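Subject: Structure handover

Hi,

Here is the structure I promised to pass on. My notes on what turned up follow below it.

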Amino acid sequence: MLVHEAAFTIEVGESGYLIGFTEHDDYPAQMPYGWRCGPADPASAVVLTTTDTGPLHLTIQIHDTPPALETGNGWEPAEEMSLLAHNPQLRLETLEPGDILNAWPQEEPPLQMPPTDAHASVRMRLHCHADDPEPGIGDHGERHLIQLWRAPHTPPLHPDISDADRQARADYAADRARAVDDYTTTYTHTYGEEQG
C-alpha cells in the first residue's frame with residue numbers, strides 16, 4: 001500500500017542523479033552504462049537519464065508492501081535493486097559537471113522510510129519514460145517513477161548489456177582510478193650580473 005508520495009521536477013546535470021540513504025561528495029566509482037540505474041554505494045543508486053542538462057519529472061513513492069509493476073504510460077522495462085537504509089531519510093543529488101548538488105526541493109517535505117526491526121534493506125524499483133528517447137540537451141519529456149519498500153536484500157533486476165556498454169563501464173572506471181595529474185611546474189630563475 002502507498003504510504004507517502006512526492007512529485008516534482010528537477011533539473012538534471014549531464015550525468016543523471018543519485019538517490020538513496022547517504023550523502024555523496026564525489027562521483028561514484030562506476031557508472032551503470034547499459035542500465036538506467038546501478039549502485040553508487042551500498043546505500044544509494046546512480047540513475048542515468050536520457051536528458052543531458054534539462055528538466056525531469058520525478059515521482060517517488062514509499063510503500064509498506066511491494067507495489068504492482070506499472071505497465072501503462074509507455075514505461076521502459078522496470079529495473080530493481082536493493083539498498084541499505086540504516087538512515088531512513090531519502091536523499092536526492094544531481095551529478096553536475098565536477099560537482100554533486102542536493103536536489104531535494106526546499107518546499108517538499110523530506111521522505112523517510114517507515115521504521116522496522118525486520119530489515120535495514122530497501123528495495124528500489126525504477127520506471128522511466130522519455131517522449132524523445134534520443135539523448136541530448138533540453139526537455140525530452142522525461143519522467144521517472146521510483147518505488148521504495150522495505151524488503152530483504154535480493155539480487156538486482158536489469159537488462160543484459162552490450163559489449164559497448166561493458167567497454168564504456170571499463171573506460172569510466174579506469175578514468176576514475178587514474179591519479180590526478182600534477183599540474184605544478186617548477187621554474188628556475190637566474191639573475192643576471194649586477195650592473196655598476
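The largest pocket is lined by E14, S15, G16, R36, L48, T49, T50, E76, P133 and P135. Please keep in mind that this is a predicted model. The volume of the largest pocket comes to about 190 Å³. Its lining is mixed: three residues are nonpolar, four are polar and three are charged.

Next, strand 7. This strand covers residues 91-96. Five of its six residues are buried, so strand 7 is largely enclosed by the rest of the structure. Strand 2 (residues 17-20) runs antiparallel to strand 7, and four bridges join the two. Within that pairing, I19 sits opposite L92. Strand 7 also pairs with strand 8 (residues 99-102), again antiparallel and over four bridges. There, E96 has D99 as its bridge partner. Strands 7 and 8 make a hairpin with two residues between them. In the turn, G98 has a positive phi of about 75°.

Two other positive phi values deserve a look, since most residues other than glycine have a negative phi. T53 is one of these non-glycine cases, with a phi of about 70°. T53 lies in the loop between strand 4 (44-47) and strand 5 (54-63). Its relative accessibility is 41%, so T53 counts as partly exposed. N73 is also not a glycine, and its phi is positive at about 65°. The loop that holds N73 connects strand 5 and strand 6 (79-84). N73 counts as exposed because its relative accessible area, 54%, is over the 50% cut-off.

N73 leads on to H129. Which residues does H129 touch, leaving out those up to four places away in sequence? They are N73, G74, W75, G141, E142 and R143. H129 itself lies in strand 9 (residues 121-130). Is H129 buried or exposed? H129 is buried, because its relative accessibility of 14% falls under the 20% limit. One contact with G74 is polar: a polar side-chain atom of H129 lies 3.0 Å from the backbone oxygen of G74.

If you open the model, three places would make a good start. Look at the pocket lining, including R36 and E76. Then follow strand 7 between its partners, strand 2 and strand 8. Finish at H129, where N73 and R143 are among the residues it touches.

Best wishes

Methods. Residues are numbered from 1 along each chain as its sequence is written. This is a predicted model: local features need pLDDT of at least 70, side-chain atom pairs count only at pLDDT 80 or more; totals for chains, interfaces and linings use all residues. Side-chain values use heavy atoms; hydrogens and water are left out. On a 1 Å grid over the protein atoms alone, a cavity is a set of points where a 1.4 Å probe fits but cannot get out, and a pocket is an open set with protein on both sides within 12 Å along at least five of seven lines; lining residues have an atom within 4 Å of a point. Grid points are joined across faces, edges and corners, and a volume is the space filled by probe spheres set on the points. Ala, Val, Leu, Ile, Met, Phe, Trp, Tyr, Cys and Pro count as nonpolar, Asp, Glu, Lys and Arg as charged, and the others, Gly among them, as polar. Buried means under 20% relative accessible area, exposed over 50%, partly exposed in between (1.4 Å probe, protein chains only). A polar contact is a pair of N or O atoms within 3.5 Å; within protein, one must be able to donate a hydrogen and the other to accept it, and residues adjacent in sequence count only if both atoms are side-chain atoms. Contact means heavy atoms within 4.5 Å. Two strands pair if DSSP finds at least two bridges between them.
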